[in-house]
Amino acid sequence: MRLATAFVVGLVFGLGLLLSGMADPAKVLGFLDLAGAWDPSLMFVMGGAVGVGSVAFAFARTRTRSLLGEPLQLPTKTSVDRRLIVGALLFGAGWGLAGFCPGPAVVALGAGEAKAVVFVIAMVAGMALFELVEARRR
Amino acid sequence: MTIAWAAFTPWASLAGGLLVGVAAAMLILFNGRVAGISGIVGGLLRPARGDLGWRVAFVAGLVAAPLAWLAVAAAPRLHVAASVPALVAAGLLVGVGTRLGSGCTSGHGVCGISRGSRRSLAATATFMAAGFAVVFVARHLPGS
């Protein structure tokens, strides 16, 4: 059941990204180009997603287990630290460079976009590099 | 600033955003997990017992989405202008950055802001500012 719901969630999430235009790097870059001809559409993606999300997370907060009886795992950290900010800076730079963030890149991979394959391989390599450095620090 | 009215798709984007919100809602309410794509993919590299299956199923759903889309609609527009070296650099930056910063557009931008998390608000403001800056440099500085 856990696997079935996770698959359906991935599917709905991906369809949302396709419908919203978020899966198209050209549209993402049009949103990030404040000084050019700016396309504000992606503000609406965030508005719609956060609108539904805030209701769901407000409800989730009243529970300790999910509807399927799984433990509810919510992040507990509250401090804005250097790792968070440096990480967000690096991520934002990469996002602006290609117009891909992780979800849309995986969806574009499914659409058979060859350039998404390159991006996803590099992204997973970056994640693996991070894991290696972290493992060495511990 | 000028608005690109021809490219502006408020209704489709709002509807797509609602679907993303529904997906995030389902994952927390059914599976008890936050829908952060970079965290879900990153967790595949550090597999813990009983924690692998749902991640694989979720990613499979994402990959299958374009196929489901094609069953009912015309092929979606996906235009990737970046060169291969730029894609490699961008992928590495996104991979390292999202793991170091504990999230991406979905985990921080959608789920974190929905939870009212101060960390996610700070991260979202930061990665958006970095994205704006990089696109400005790439498109509007002399010589670009």
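This briefing walks through the empty spaces, the salt bridges and the make-up of chain B in the structure above. The model is predicted, so please read every value below as computed from that model. Its largest pocket holds about 820 Å³ of space, its largest cavity about 240 Å³, and ten salt bridges are counted over all chains.

**The largest pocket**

- About 820 Å³ of space lies in the largest pocket, and 29 residues line it.
- Closest to the centre of the largest pocket are A:Pro75, B:Gly39, B:Arg99, B:Ser102 and B:Gly103.
- From chain A, helix H4 (82-98) and helix H6 (114-137) each supply at least two residues of this lining.
- From chain B, helix H2 (37-42), helix H3 (53-72), helix H4 (84-100), helix H5 (105-115) and helix H6 (118-140) each do so too.
- Sorted by class, the lining of the largest pocket has eleven polar, ten charged and eight nonpolar residues.

**The second largest pocket**

- The second largest pocket offers about 330 Å³ of space.
- Its lining counts 21 residues, and those closest to the centre are A:Gly21, A:Asp24, A:Lys27, B:Thr9 and B:Arg77.
- Helix H1 (2-20) and helix H2 (25-32) of chain A are the elements that give two or more residues to this lining.
- By class, the lining of the second largest pocket divides into 13 nonpolar, four polar and four charged residues.

**The cavity**

- Rolling a probe the size of a water molecule over the atoms shows where empty space is left.
- One cavity of 30 Å³ or more is found in the structure, and the largest cavity contains about 240 Å³ of space.
- There are 23 residues lining the largest cavity, and A:Met22, A:Val45, B:Thr105, B:Ser106 and B:Val110 are the closest to its centre.
- H1, H3 and helix H5 (102-110) of chain A, along with H5 and H6 of chain B, each give at least two residues to the lining of the largest cavity.
- The most comes from H3(A), which contributes five residues to that lining.
- The lining of the largest cavity has 18 nonpolar and five polar residues, and no charged ones.

**Salt bridges that join the chains**

- B:Arg77 and A:Asp24 form a salt bridge, with 3.1 Å between the closest N and O atoms. B:Arg77 sits in the loop between H3 and H4 of chain B and A:Asp24 in the loop between H1 and H2 of chain A, so this pair joins two chains.
- B:Arg77 is exposed, because its relative accessibility is 59% and exposed means over 50%. A:Asp24 is buried, with a relative accessible area of 5%. Both residues also appear among those closest to the centre of the second largest pocket.
- A:Asp33 and B:Arg139 meet through their side chains in a salt bridge of 3.1 Å, N to O. This pair joins two chains, because A:Asp33 lies in the loop between H2 and strand E1 (37-38) of chain A and B:Arg139 in helix H6 of chain B.
- A:Asp33 counts as buried at 5% relative accessibility, while B:Arg139 is partly exposed at 42%.
- A:Asp81 and B:Arg119 form a salt bridge of 3.5 Å, N to O. A:Asp81 is in the loop between helix H3 (41-60) and H4 of chain A and B:Arg119 in helix H6 of chain B, so here too the pair joins two chains.
- A:Asp81 is partly exposed, with a relative accessible area of 24%, whereas B:Arg119 is buried at 6%.
- A network of salt bridges links A:Glu131, B:Arg46 and B:Arg99. B:Arg99 is also one of the residues closest to the centre of the largest pocket.

**Chain B at a glance**

- Chain B contains six helices and one strand, and along the sequence they follow the pattern β-α-α-α-α-α-α.
- Taken along the principal axes, the C-alpha atoms of chain B fill a box of roughly 55 × 40 × 35 Å.
- Chain B has 144 residues, of which 53% count as buried.
- Among contacts in chain B between residues at least 6 apart in sequence, 31% join residues at least 24 apart.
- The accessible surface of chain B is about 6200 Å², and 71% of it belongs to carbon and sulfur atoms.

Terms used. Residues are numbered from 1 along each chain as its sequence is written. Chains are lettered from A and ligands numbered from 1 in the order in which they are written. This is a predicted model: local features need pLDDT of at least 70, side-chain atom pairs count only at pLDDT 80 or more; totals for chains, interfaces and linings use all residues. Side-chain values use heavy atoms; hydrogens and water are left out. On a 1 Å grid over the protein atoms alone, a cavity is a set of points where a 1.4 Å probe fits but cannot get out, and a pocket is an open set with protein on both sides within 12 Å along at least five of seven lines; lining residues have an atom within 4 Å of a point. Grid points are joined across faces, edges and corners, and a volume is the space filled by probe spheres set on the points. Helices (H or I, at least four residues) and strands (E, at least two) are DSSP runs, numbered from the N terminus. Ala, Val, Leu, Ile, Met, Phe, Trp, Tyr, Cys and Pro count as nonpolar, Asp, Glu, Lys and Arg as charged, and the others, Gly among them, as polar. A salt bridge is a side-chain nitrogen of Lys or Arg within 4 Å of a carboxyl oxygen of Asp or Glu. Buried means under 20% relative accessible area, exposed over 50%, partly exposed in between (1.4 Å probe, protein chains only). Contact means heavy atoms within 4.5 Å. Accessible areas come from the Shrake-Rupley method with a 1.4 Å probe; for residues, only the protein chains shown count as cover.
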